[in-house]
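Let's take a walk through a protein model, strand by strand and loop by loop. Have a look at the picture first, then read on.

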Amino acid sequence: KLLSSPVWSQFRHTTFERFTKNQDGIDILYVVTDQKAKTVQVGDGTESAISKTTQGTLTIPEEVYGHRVTNVAREAFFGCHQLTEAILPNSVTEIGKYAFYNCTSLVSVIMPEDLEVFPGYLFCNCASLTSIQWPKTLKVLEDQCLWESGMKEIIVPDGVIEIRWYALSCSFTKCVLPKSI
C-alpha cells in the first residue's frame, strides 16, 4: 500500500512516497529516498519501521518493488523488545542512530559488508546481543554504539580507525583492537 506523508526538508515542504511491504510475515515501512535512482530506506526516522511486538528474525531484502534498500533510518527498530535476530542486506550503506536501541531480546545481527560507520547508540541497551557479523569496511564506532549490550567477546575488525566515547562500554570479557587504532 502506498502512502504519502508531508515532511519539512531544509525549510521547504516535500512529499516522500511511503509504503509497507510484508516480508516473512512482518510489515516493514519503507520511504523512497530517490525516485530517479530508485532507492529506499527502512523507516522514516520518526517511528519504528515494524510493529514493536514483532517476534523472531527480521530479514531486510536488498530490493523492494524495484527500489534498492540503501539506508536504515534513525530509530527504525527502536524498542522492538521481541526481535531476536536481524539480517541487513549488503545494499545498505548507512544506518541511523538508535536503529536497534533497546531491542532487549536481540541476540544476533548480520551487518552489511560495506558499512563504514556504526552510528551512535546503534545497539545501546541490547542486553541479549552476543553476536555481530562485523562489516569488512568498518572504520568508525560512534558514541555508545554498544553501550550496555550483551557482547562478551569483541574483536574489532582491522580497518577501524576511530572508537568514540563509550563505544565499547559493555561487560565484555575479551576485547581485541586492531592495529589500525
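How do β4 and strand β7 (residues 67-72) pair, and over how many bridges? They pair in the parallel sense, over four bridges. Before we go further, keep in mind that this is a predicted model.

**Around β4**

One of the spots where β4 meets β7 is easy to find: Gln41 has Asn71 as its bridge partner in β7. β4 also pairs with strand β3 (residues 26-34), and here four bridges join the two strands, which run antiparallel. Look for Tyr30 in β3, and you'll find Val42 of β4 standing opposite. β3 and β4 form a hairpin, with four residues between them. In that turn sits Lys38, with a positive phi of about 55°.

So what about the two faces of strand β4 (residues 39-42), covered or open? Both are covered. Thr39 and Gln41 are buried on one side, and Val40 and Val42 are buried on the other. That fits a handy rule: in a regular strand the side chains alternate between the two faces of the sheet.

**An open sheet of three**

Now jump further along the chain. Three strands make an open sheet in the order β11-β13-β15, and the pairing is parallel. β11 (117-118) and β15 (162-163) are at the edges with a single partner strand each, so one side of each has no neighbour in the sheet. Strand β13 (residues 140-141) pairs with β15 over two bridges, in the parallel sense. There, Val140 stands opposite Glu162 in β15.

Here are the bridges-per-pair for the strands we've met:

| Strand pair | Sense | Bridges |
|---|---|---|
| β3 and β4 | antiparallel | four bridges |
| β4 and β7 | parallel | four bridges |
| β13 and β15 | parallel | two bridges |

**Two loop residues**

Loops deserve a look too. Ser149 lies in the loop between β13 and β14 (153-155). Is Ser149 buried or exposed? Ser149 has a relative accessible area of 7%, and because buried means under 20%, Ser149 counts as buried. Leaving aside neighbours within four places in sequence, Ser149 is in contact with Phe123, Cys126, Ala127, Leu129 and Cys170.

Tyr98 has its place in another stretch, the loop between β9 (94-95) and β10 (108-110). Not counting residues up to four places away in sequence, Tyr98 touches Arg74, Glu75, Phe78, Gly120, Tyr121 and Leu122. And Phe123, which we met as a contact of Ser149, is 25 residues from Tyr98 along the chain, with 7.1 Å separating their C-alpha atoms.

Definitions and conventions: Residues numbered from 1 in each chain as written. Predicted model: local features only at pLDDT ≥ 70, side-chain atom pairs only at ≥ 80, totals over all residues. Heavy atoms only, no water. Pairing = 2+ DSSP bridges. Buried < 20%, exposed > 50% of the residue type's maximum accessible area, 1.4 Å probe, protein only. Contact = heavy atoms within 4.5 Å.
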